[in-house]
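This report describes the salt bridges and the largest pocket of one protein chain. Please keep the sequence and the structure in view while reading.

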Amino acid sequence: MFLKLLKKLPTEDVEFILKNVLKSKYSKKTDIHLVLQQKINSMKVRRYILFFSKLRGIIPQRFWLFKKPNRASVRNILSILDAVNIDISTIVRKIDGGVSKAWFFSSKKLSNNLAWIRDGLILRYGNREKSYTLLFTTNNLNGRTTDELIQAGFSLQKFPPYIMRKLLSEKLRFTRLVFLTRSDVMGVSGIERIILEGDNVVEGFYEFTKRQDRLREITLLMGPVIEIEIDTGVSISNSGDIEVFSLNSLFRILPTLRRVIDIQ
């Protein structure tokens, strides 16, 4: 698996791993992909190949977001992750204006089967508040890890309808909205969901209903928004799932998510 991922990585990522992880020196004529291929069994190299593969969207993924109250310490977080057999690799990179450092973490033994790899990110916001956010891949987060995090004061962030409405008020381009219309929620039988899809569904639907007077009464039956999709390649559901095409897409939407969540 890791050899296949390595072949898909752009040259700049391979150079980063060689220079900053392996501290290797090479000439312009060196086949850097081949050099890294010879180090493919290194656990450190594998972690960074995995990280950059997700950063570039080679491996799409789905996350759960855990929040830690202020005054959290990195040592506390690391001890929890160590207890559930997770390792840390520090990646010092500016993600956006509010993120000073990110830690990429993964299982201590990286299998060739992605389904067995438990990994994610730790993001630290600001220099003073020391507010940490953890993002775990959802399909690999087991019960023990979840219990340990909750006992340590972390909380799983979900996106109930009122947060969804706040997201809809942001200046974003939405390409998909899912409304819940179940009878036990809205008193409507025969329809469970209404799905809107398009290049810009919020603006488009507004124009559509404005021209069709008969639809104004129908729109009152459309229940709470439970799923949204943004044109940056991010989907968010009220259950807490954040599905992203690449980590870059995730990083672009995180400042908005944090602002909307903090409004609670």
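Which element gives the largest share of the lining of the largest pocket? The model examined here is predicted. In this model, helix α9 supplies that share, with four residues.

**The largest pocket**

The volume of the largest pocket is about 230 Å³. Its lining consists of R165, L168, L177, F179, L196, V201, V202, F205, Y206 and V225. Two or more of the lining residues come from each of α7 (161–168), β7 and α9 (201–211). Sorted by class, the lining holds nine nonpolar residues and one charged residue, with no polar residue.

**Salt bridges**

Across the whole structure, a search identifies 11 salt bridges. Three of them are set out below, each with its N to O distance.

| Acidic residue | Basic residue | Distance (N to O) |
|---|---|---|
| D13 | R56 | 2.7 Å |
| E227 | R176 | 3.1 Å |
| E227 | R193 | 3.1 Å |

The side chains of D13 and R56 meet at 2.7 Å. Because D13 belongs to helix α2 (residues 11–21) and R56 to the loop between α4 (43–55) and β1 (61–67), this pair ties together parts that lie 43 residues apart in sequence. The two partners can also be described by their accessibility. D13 has a relative accessible area of 0% and is therefore buried, the limit being under 20%. R56, with a relative accessible area of 28%, is partly exposed.

E227 takes part in two of the tabulated bridges, one with R176 and one with R193. For the bridge between E227 and R176, the closest N to O distance is 3.1 Å. E227 is in strand β9 (residues 225–230) and R176 in strand β7 (residues 174–180), so their contact joins parts 51 residues apart in sequence. Both are partly exposed: E227 has a relative accessibility of 21%, and R176 has a relative accessible area of 22%.

In the bridge between E227 and R193, the closest N and O atoms are likewise 3.1 Å apart. This pair also links distant parts of the chain, with E227 in strand β9 and R193 in strand β8 (residues 193–197), 34 residues apart. R193 has a relative accessibility of 45% and counts as partly exposed.

Which residues are linked with E227 in a network of salt bridges? The network joins E227 to R176, R193 and E197.

How values were computed:
Residues are numbered from 1 along each chain as its sequence is written. This is a predicted model: local features need pLDDT of at least 70, side-chain atom pairs count only at pLDDT 80 or more; totals for chains, interfaces and linings use all residues. Side-chain values use heavy atoms; hydrogens and water are left out. A salt bridge is a side-chain nitrogen of Lys or Arg within 4 Å of a carboxyl oxygen of Asp or Glu. Buried means under 20% relative accessible area, exposed over 50%, partly exposed in between (1.4 Å probe, protein chains only). On a 1 Å grid over the protein atoms alone, a cavity is a set of points where a 1.4 Å probe fits but cannot get out, and a pocket is an open set with protein on both sides within 12 Å along at least five of seven lines; lining residues have an atom within 4 Å of a point. Grid points are joined across faces, edges and corners, and a volume is the space filled by probe spheres set on the points. Ala, Val, Leu, Ile, Met, Phe, Trp, Tyr, Cys and Pro count as nonpolar, Asp, Glu, Lys and Arg as charged, and the others, Gly among them, as polar.
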